[in-house]
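Biologist: I should be grateful for a close look at a single part of this protein. Please begin with the surroundings of one residue and then proceed to the elements around that residue.

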Amino acid sequence: MKALLTLAILAFTVSVALADPIVVDFDEFSGLTPLPAGYGGVASWNNWASTTGNSDYIPLSDPNVAINVGVASAIEFGQEVILHGFSFTGPNPGIFPVHLKLMLVGQVVFEIEEFHTNGTAFIWESPYEGVIDAMILDQIPGTPYGFFCIDDLTYDLNTVATESTTLSQVKALFR
Ligand SMILES: [Ca+2]
């Protein structure tokens, strides 16, 4: 029983460790640098690049932000994650509305039709608590294209499967 308790505590410790949020700050690049696959634990950044912040693209963490450099600005995690949020700046208030979609296996699970800004940076905390595997910030069809940026993208890996596996493994030892 003591061994079971010890294992249970270990399993809980592992789960807690895995649950620490990942904060992607984009700060280790210089110049305009396309974000490489795998950076920050994200499988594909597609049309996102790191760049130095400025008055139009306000960093939450200095010196860099991530900026969209093309349409269909999908961030594909390549695994299930729980998105906590990010900071957002758009330099052209009211002119270039942005559309936010959270995706899971190609399906939209949450969206905000007009995710634009009043010109100041703000921190968006996701109200969606389910798992996703991709996030798309894109122009609204038919509107002019404008650049926008994010910083400190924060998410958790989906540890539900890991916790279940750990618990199963603990139980299997005592069968
Ligand atoms: Ca930053």
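Modeller: Two residues are in contact if their C-beta atoms, placed from the backbone, lie within 7 Å. The model under discussion is a predicted one. With that meaning of contact, and leaving out residues up to four places away in sequence, Pro-97 touches Glu-114, His-116, Ile-140 and Thr-143. Pro-97 is placed in the loop between β5 and β6. Is Pro-97 buried or partly exposed? A residue needs 20 or more other C-beta atoms within 10 Å to be buried; Pro-97 has 18 such neighbours and therefore counts as partly exposed. Glu-113 is 16 residues from Pro-97 along the chain, and their C-alpha atoms are separated by 8.6 Å.

From this loop we may pass to β6 itself. Strand β6 runs antiparallel to β7 (residues 107–112), and 5 bridges join the two. One of the pairings links Met-103 with Val-108, its bridge partner in β7. The two strands form a hairpin with 2 residues between them, and Val-105, in the turn, has a positive phi of about 50°.

Strand β6 (98–104) also supplies at least two residues of the largest nonpolar core, as do β3 (48–52), β4 (64–68), β5 (73–89), β9 (132–139) and β10 (149–157). This core has 28 residues, and those touching the most other members are Val-65, Ala-66, Ile-75, Met-135, Cys-149 and Ile-150. The largest share, 6 residues, comes from β5. In soluble globular proteins, nonpolar side chains tend to be buried together.

Ala-66 deserves a separate description. Beyond its neighbours within four places in sequence, Ala-66 is in contact with Phe-26, Leu-35, Trp-48, Ala-49, Ser-50, Cys-149, Ile-150 and Asp-151.

Cys-149 leads in turn to a second loop residue, Tyr-57, in the loop between β3 and β4. Tyr-57 and Cys-149 are 92 residues apart along the chain, yet their C-alpha atoms are separated by 6.1 Å. Tyr-57 counts as buried because 21 C-beta neighbours lie inside 10 Å.

A word on confidence is also needed. The mean pLDDT of the chain is 83, and 75% of its residues reach 70 or more. Confidence is highest in strand β1 (residues 22–24), at a mean of 98, and lowest in helix α1 (residues 2–18), at 50. Over residues 12–17 pLDDT stays under 50, and the model has 5 contacts beyond four places in sequence for them.

Notes. Residues numbered from 1 in each chain as written. Predicted model: local features only at pLDDT ≥ 70, side-chain atom pairs only at ≥ 80, totals over all residues. Core = buried A, V, L, I, M, F, W, Y, C linked by C-beta atoms within 7 Å. Buried ≥ 20, exposed ≤ 12 C-beta atoms within 10 Å, placed from the backbone. Helix = DSSP H or I, 4+ residues; strand = E, 2+ residues; numbered from the N terminus. Pairing = 2+ DSSP bridges. pLDDT = per-residue confidence, 0-100.
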